[in-house]
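Welcome! Below are some short exercises, each with a worked solution. Keep the sequence and the 3D view open while you go through them.

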Amino acid sequence: FTSPGAGEERPGVAFALVLVPTAQVRGRLVDADGRPQPNTPVTARPAPAGSDMLQMLESLFGSSTRTAADGTFAMYGLRPGRYTLDVRTTLRTGNEPPAAPARPGAPSIGAATHWAKEEIDVTGVDITDLTLTLKPGLTFRGRAVYEGTTLVPPANPASLFFRLIPAEVDRASIAGRLGVESRVSVASDGTFSATGLAPGLY
């Protein structure tokens, strides 16, 4: 089979499409004491495959949700494949005012204190018994120092920021970074602090 040229028509071409069942993923998010964590974003990040645009659309529209008041969550229509369930949040007691709805797949930016992560394989069969348990996150602190000799250092270090991206994520992929990338701001004295980090290489 050869690709048609520009403006060329090829009638009578037939091909078959095989329907593949999608699956639901249901579970519950709790802290170390078993208390449910309400109104918390949960993201299913697919393993890199296919075009970056396709991954981005899946991340934006098909693999993010928030937990209910009892800590339960549900995701629908997940295609077969390997996913990583990611949570970055601050522990909730249930007495906080409702938070404004977040855009699905938005980067985790802010003072998160806890994390949860689970690898799952979706095969077209519903997964209904997942339990994600939050663990205390790590804190990364430091100071930004300018060591260049050819350019003038910034007058205000507070204008700087950097991003923390897990090493297993394709940094060139917009979709891969959704939900796991953290933007860290630098203070006027050059110091910075990032909290709620999961163990790993960044």
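Of the 202 residues in the protein, 32% are buried. Please keep in mind that this is a predicted model.

**Exercise 1. Describe the overall build of the protein: how many helices and strands are there, and in what order do they come?**

Step 1. Count the elements: the protein has two helices and 12 strands.

Step 2. Put them in sequence order, and you get the pattern β-β-α-β-β-β-β-β-β-β-β-α-β-β.

Step 3. Look at the contacts between residues at least 6 apart in sequence: 72% of them join residues at least 24 apart.

Step 4. Turn to the surface. The protein exposes about 12500 Å², and carbon and sulfur atoms supply 58% of that area.

**Exercise 2. Find out where the predictor's confidence is highest and where it is lowest among the elements.**

Step 1. Start with the whole protein: its mean pLDDT is 80, and 76% of the residues reach 70 or more.

Step 2. Compare the elements. Strand β1 has the highest confidence, at 96, while helix α2 (residues 174–177) has the lowest, at a mean of 50.

Step 3. Check residues 102–110 as well, where the pLDDT is below 50. In the model, this stretch has 19 contacts beyond near neighbours in sequence.

**Exercise 3. Work out which parts of the chain are tied together by the pair aspartate 86 and arginine 45.**

Step 1. Recall the principle: side chains of opposite charge can pair when their charged atoms come close.

Step 2. Apply it here. Aspartate 86 and arginine 45 form a salt bridge, with their closest N and O atoms 3.2 Å apart.

Step 3. Locate the partners: aspartate 86 lies in strand β5 and arginine 45 in strand β2, so the pair ties together parts that are 41 residues apart in sequence. Strand β5 covers residues 81–89.

Step 4. Decide whether the partners are buried or exposed. A residue is called buried when its relative accessible area is under 20%. Aspartate 86 has 10%, so it is buried. Arginine 45 has 9%, so it is buried too.

**Exercise 4. Survey the salt bridges: how many does a search of the whole structure find, and which residues form a network?**

Step 1. The search of the whole structure gives six salt bridges.

Step 2. Asp31, Asp33 and Arg35 are the residues linked in a network of salt bridges.

Step 3. Zoom in on one pair from this network. Aspartate 31 bridges to arginine 35, with the closest N and O atoms 2.6 Å apart. Aspartate 31 is buried, at 3% relative accessibility, whereas arginine 35 is partly exposed, at 46%.

Step 4. Now set another pair beside it: the side chains of arginine 10 and glutamate 8 meet in a salt bridge at 3.0 Å, N to O. Here arginine 10 is partly exposed, at 35% relative accessibility, and glutamate 8 is partly exposed, at 41%.

**Exercise 5. Explore the loop between β1 and β2, with asparagine 39 and threonine 40 as your guides.**

Step 1. Find the loop: it lies between β1 (23–30) and β2 (41–46), and asparagine 39 is part of it.

Step 2. Consider the backbone. Most residues other than glycine have a negative phi. Asparagine 39 is not a glycine, yet its phi is positive, at about 50°.

Step 3. Check the cover of asparagine 39: its relative accessible area of 22% makes it partly exposed.

Step 4. Move to threonine 40, which is found in that loop between β1 and β2. Threonine 40 counts as buried, because its relative accessibility is 0%.

Step 5. List what surrounds threonine 40. Leaving aside residues up to four places away in sequence, it touches Leu29, Thr65, Arg66, Thr67, Val87, Thr89 and Arg92. Its side chain also reaches the backbone oxygen of proline 38, at 3.0 Å.

**Exercise 6. Identify the residues that make the nonpolar surface patch of about 390 Å².**

Step 1. The patch is made by Val13, Phe15 and Leu17.

Step 2. Place one of these residues: phenylalanine 15 sits in the segment before β1.

Step 3. Check its accessibility: phenylalanine 15 reaches 69%, so it counts as exposed.

Note on methods. Residues are numbered from 1 along each chain as its sequence is written. Side-chain values use heavy atoms; hydrogens and water are left out. Helices (H or I, at least four residues) and strands (E, at least two) are DSSP runs, numbered from the N terminus. Buried means under 20% relative accessible area, exposed over 50%, partly exposed in between (1.4 Å probe, protein chains only). pLDDT is the predictor's confidence in each residue, from 0 to 100. Contact means heavy atoms within 4.5 Å. Patches are made of residues with over 30% relative accessible area and no salt bridge: like charges are joined within 9 Å, nonpolar side chains (Val, Leu, Ile, Met, Phe, Trp, Tyr) within 5 Å. Accessible areas come from the Shrake-Rupley method with a 1.4 Å probe; for residues, only the protein chains shown count as cover. A salt bridge is a side-chain nitrogen of Lys or Arg within 4 Å of a carboxyl oxygen of Asp or Glu. A polar contact is a pair of N or O atoms within 3.5 Å; within protein, one must be able to donate a hydrogen and the other to accept it, and residues adjacent in sequence count only if both atoms are side-chain atoms.
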